[in-house]
Amino acid sequence: MLHHFSFNPIHTIRQWLDSIEINDYKVAQRLCKTIPAQCPFERKFTLFNRTILYIPPLCKLNPFYEQLVMLRFKSLIYLADVCGEDVTVYC
């Protein structure tokens, strides 16, 4: 009987990112500053008030997008609830 073994690195990294617990003030701050609140890839190029080129947000193409957003959210919650910090500076 053969066992089929498959290694999916994307799934492994997603699980690792999901399992990260935030319990350090500096790490939480750094994550909130590093992970953008909005998708940074959307661009609209205009010329004379007319859109000449539009690039849609590409965040959903990132295989770790949801995990990174959740990690940022965990960091914001930690800073607000545990540390009592005003997190509006990160929004």
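A disulfide is here a pair of cysteine sulfur atoms within 2.5 Å. The exercises concern a predicted model, in which local features need pLDDT of at least 70 and side-chain atom pairs count only at pLDDT 80 or more, while totals for chains, interfaces and linings use all residues. Residues are numbered from 1 along each chain as its sequence is written, and side-chain values use heavy atoms, with hydrogens and water left out.

**Exercise 1. Find how many disulfides the structure holds, and describe where the bonded cysteines lie.**

Step 1. A search of the whole structure returns 1 disulfide, and the cysteines that it joins are Cys39 and Cys59, with 2.1 Å from S to S.

Step 2. The link of Cys39 and Cys59 is right-handed, with 105 degrees about the S-S bond. Its two ends belong to distant parts of the chain, 20 residues apart: Cys39 sits in the loop between helix H2 (25-34) and strand E1 (43-47), and Cys59 in the loop between strand E2 (50-55) and helix H3 (65-82). Helices (H or I, at least four residues) and strands (E, at least two) are DSSP runs, numbered from the N terminus.

Step 3. For accessibility, buried means under 20% relative accessible area, exposed over 50%, and partly exposed in between (1.4 Å probe, protein chains only). Cys39 is therefore partly exposed at 23%, whereas Cys59, at 8%, is buried.

**Exercise 2. Explain why Cys83 forms no bond with the closest cysteine sulfur, and then examine Cys91.**

Step 1. The closest cysteine sulfur to that of Cys83 belongs to Cys32, and because the separation is 10 Å, the two are too far apart for a bond. Cys83 has 33% relative accessibility, so it counts as partly exposed.

Step 2. Cys91 is likewise in no disulfide, and its nearest cysteine sulfur, again that of Cys32, is 8.3 Å away. At 71% relative accessibility, Cys91 counts as exposed.

**Exercise 3. Determine which residues of the largest nonpolar core touch the most other members, and which elements supply two or more residues.**

Step 1. A nonpolar core is a set of buried Ala, Val, Leu, Ile, Met, Phe, Trp, Tyr and Cys residues joined through side-chain atoms within 4.5 Å. The largest one has 13 residues, and Ile22, Leu71, Leu79 and Tyr90 are those that touch the most other members.

Step 2. H2 and H3 are the elements that give two or more residues to this core, and the largest share, 4 residues, comes from H3.

Step 3. Contact means heavy atoms within 4.5 Å. When neighbours within four places in sequence are left aside, the contacts of Tyr90 include Gln29, Cys32, Leu76 and Leu79.

**Exercise 4. Decide whether Lys44 and Thr88 are buried or exposed, and relate each to a residue elsewhere in the sequence.**

Step 1. Lys44 lies in strand E1 and counts as exposed at 54% relative accessibility. Its C-alpha atom is separated by 4.6 Å from that of Tyr54, 10 residues apart along the chain. Beyond neighbours within four places in sequence, Lys44 is in contact with Thr51, Leu53 and Tyr54.

Step 2. Thr88 is found in the segment after H3 and is exposed, with a relative accessible area of 55%. Thr88 and Leu76, 12 residues apart in sequence, are 9.4 Å apart from C-alpha to C-alpha.
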